[in-house]
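Here are a few exercises to work through with the model open in your viewer. Try each task before reading its solution.

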Amino acid sequence: MGIIGWIVLGLLAGLAAKILLPGRDPGGLVGTTLIGVAGSFIGGWISARWLDRPISTQFFDTATWVSAIGGALVLLIAYRIFFGDSRARR
């Protein structure tokens, strides 16, 4: 799976993370999308490195999707913890 495939996967993982964890995010839609892309890379790296589950080259592999969505969820939670609701402070 190429870089474009990972970006598309990240966009969809960010959307899934947003659906699973609703609420206002400090970065809005663009921030959530970027978190999804970064989360898919980090989730894939963690899956391959520590869980001994290498990421498949197939786009529709369950382990790839679970690791991407899991990574996006972790980053979204961390982003909310560190940056909170920045819109309320204005």
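A crossing of two helices is left-handed if the near helix is turned anticlockwise from the far one by less than a right angle, and right-handed if clockwise. Before you start, note that this is a predicted model, where local features need pLDDT of at least 70, side-chain atom pairs count only at pLDDT 80 or more, and totals for chains, interfaces and linings use all residues. Residues are numbered from 1 along each chain as its sequence is written, and side-chain values use heavy atoms, with hydrogens and water left out.

**Exercise 1. Work out the fold at the level of elements.**

Step 1: Assign helices (H or I, at least four residues) and strands (E, at least two) as DSSP runs, numbered from the N terminus. You get three helices and zero strands.

Step 2: Read along from the N terminus, and the order is α-α-α.

Step 3: Check the contacts (heavy atoms within 4.5 Å). Take those with a separation of 6 or more: 74% of them join residues 24 or more positions apart.

**Exercise 2. Describe how H1 and H2 pack.**

Step 1: Fit axes as lines to C-alpha atoms over the stretch in contact, with angles running from 0 to 180 degrees between N-to-C directions. H1 and H2 (residues 28–49) come out at about 115°, and their axes are 7 Å apart.

Step 2: Classify the angle. Under 35 degrees is roughly parallel, over 145 roughly antiparallel, 65 to 115 roughly perpendicular and the rest oblique. So H1 is roughly perpendicular to H2.

Step 3: Get the handedness, using the rule at the top. The H1/H2 crossing is right-handed.

Step 4: List who meets whom. From H1 the list includes Ile3, Trp6 and Gly10, and from H2 it includes Gly36, Val37 and Phe41.

**Exercise 3. Place Ala17 in the structure.**

Step 1: Locate Ala17, and you'll find it in H1.

Step 2: Is Ala17 buried or exposed? Buried means under 20% relative accessible area, exposed over 50%, partly exposed in between (1.4 Å probe, protein chains only). Ala17 has 1%, so it is buried.

Step 3: Skip neighbours within four places in sequence, and Ala17 still contacts Ala72, Leu73 and Leu76. Its C-alpha is also 7.9 Å from that of Gly70, which is 53 residues away along the chain.

Step 4: Look for a nonpolar core, meaning buried Ala, Val, Leu, Ile, Met, Phe, Trp, Tyr and Cys residues joined through side-chain atoms within 4.5 Å. The largest one has eight residues, Ala17, Ala72 and Leu76 among them. H1 (3–20) and H3 (62–83) each give two or more residues to this core, with H1 supplying the largest share, four.
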